[in-house]
Amino acid sequence: MSNNYYDLHSIFCEEASVPVTFKYAIPDELAQILDAKTTNGNSEVKELPLWLTRELSSRHFLEHHTPRAFRQKELSKLKAGAAAVPLGQRHPYFYDLGIEVAKMDADQAGQELVDRLSAAFRERYKVILDRFQNTDDRNSAKFLQTLTISEQKIYLAGQQAARHHQKWLKRKLEIIEEAAIVGLAKRTRTHAI
C-alpha cells in the first residue's frame, strides 16, 4: 500500500488493528487510554492501529503479534482453496494489510505470508476473471461482499470492459464520424480549385 498521506485507502489500511504486548510497564493513565491490562509489571494491550504499532515496534517499545486473519490456521485455509474464502469479510484491505504485516516480520514468516498472499491473489483473480467473462451478473452484490477492495475494482472494471466489448461486437458503439477539422480541410481544398 502506498503510504500516501492523502490516499483514503491507505488511511483505512493503516487503521487496521494489530495485537501487541508492551515490553515495559506503562503509566496507568496511558493504560486506560489504550485499554491495557497491567500484570506483573508487563502491560498487555488488546490491539493498536497498524500505524502506531509500526512506530512503537521500530523503537522496541512493544512486541507485535500476527493479526488473526494472517495466522497459520487462516493461511492454511487460503492454501486449501483461496477462492472459497471470503477475504472481503475478513478485512476490506486484506492484501495491503498482509503486506504491511509481512514488512514488520522481516523473517521467514513474513516471506511465507507474502508467498501465500500472492498465490491466493492468483487463484482468486482467475475466479473473478471467469465470473465477469462468463456470466451475465446483474445482481453481483453478494459476490462483491466476498471480495477485497482491490478485487472489487478488478471485477467492476472487468464487467465494464465486457459490456463495452459486447456493444462493440453488436456495433452499438458510437458511429465513427469524421472530425470537424477534416471536413473543413476538404471544403477549403475544393474551394481553392
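A residue is taken as buried here when its relative accessible area is under 20%. F143, at 14% relative accessibility, therefore counts as buried. The structure in question is a predicted model, and that cut-off comes back throughout what follows.

F143 is a handy place to start, since its ring has two partners. The first to look at is Y155: the two form an edge-to-face aromatic pair, with 5.2 Å from centre to centre and 65 degrees between the planes. F143 belongs to helix α8 (residues 141-145) and Y155 to helix α9 (residues 149-169), so the pair ties together parts that are twelve residues apart in sequence. Y155 is buried as well, with a relative accessible area of 0%. Then there is R131, whose charged end sits over the ring of F143, 4.1 Å from the ring centre.

Turning to aromatic pairs more broadly, the count comes to six. One of them is F70 with F94: the ring centres are 4.7 Å apart and the planes are at 25 degrees, so this pair is stacked. The label follows because planes under 30 degrees apart count as stacked, while those over 60 count as edge-to-face. In sequence terms, F70 sits in the loop between β4 (62-64) and α4 (72-81), whereas F94 is in helix α6 (residues 94-104); the pair therefore ties together parts that are 24 residues apart. Neither ring has much exposure to speak of: F70 is buried at a relative accessible area of 4%, and F94 is buried at 0%. These two also belong to a wider group, as F70, F94, Y95, F121 and Y125 form one aromatic cluster.

Helix α6, which supplies F94, is mostly covered, with nine of its eleven residues buried. The buried set holds the aromatics F94 and Y95, along with L97, G98, V101, A102 and M104, and it also takes in D96 and E100. E100 in particular counts as buried, at 1% relative accessibility. Even so, E100 has a charged partner: it forms a salt bridge with K103, the closest N and O atoms being 3.5 Å apart. Both residues lie in α6, three residues apart, or about one turn of the helix.

So much for α6; what about salt bridges elsewhere? The count for the model comes to eight. Among them is the one between E14 and R54, where the closest N and O atoms are 3.1 Å apart. This pair links distant parts of the chain, with E14 in helix α1 and R54 in helix α3, 40 residues apart. The two ends are not covered to the same class: E14 counts as buried at 11% relative accessibility, while R54 is partly exposed at 22%. E14 and R54 are also linked with E100 and K103 in a network of salt bridges, which brings the α6 pair back into the picture.

A further salt bridge joins E112 and R116, with 3.6 Å between the closest N and O atoms. Here the partners are four residues apart in helix α7 (residues 108-134), so they are separated by about one helical turn. E112 counts as partly exposed, at 27% relative accessibility, and R116 counts as buried, at 16%.

Back to helix α3, the home of R54. The buried residues of this helix (residues 50-58) are L50, T53, L56 and S57. Viewed down the axis of α3, they fall within an arc of 135 degrees, so they line one face of the helix. Just after α3, H60 takes a positive phi of about 60 degrees.

Finally, helix α1, which carries E14, has something to show on the outside too. I11 is placed in this helix, which spans residues 8-14, and at 38% relative accessibility it counts as partly exposed. Together, L8, I11 and F12 make a nonpolar surface patch of about 280 Å².

Note on methods
Residues numbered from 1 in each chain as written. Predicted model: local features only at pLDDT ≥ 70, side-chain atom pairs only at ≥ 80, totals over all residues. Heavy atoms only, no water. Patch = residues over 30% accessible without salt bridge, like charges linked within 9 Å, V, L, I, M, F, W, Y side chains within 5 Å. Areas by Shrake-Rupley, 256 points an atom, 1.4 Å probe, with all protein chains shown as cover. Salt bridge = Lys/Arg side-chain N within 4 Å of Asp/Glu carboxyl O. Helix = DSSP H or I, 4+ residues; strand = E, 2+ residues; numbered from the N terminus. Buried < 20%, exposed > 50% of the residue type's maximum accessible area, 1.4 Å probe, protein only. Phe/Tyr/Trp six-rings, centres within 6.5 Å; stacked < 30°, edge-to-face > 60°. Lys NZ or Arg CZ within 6 Å of the ring centre and 35° of its normal. Arc of directions from axis to C-beta.
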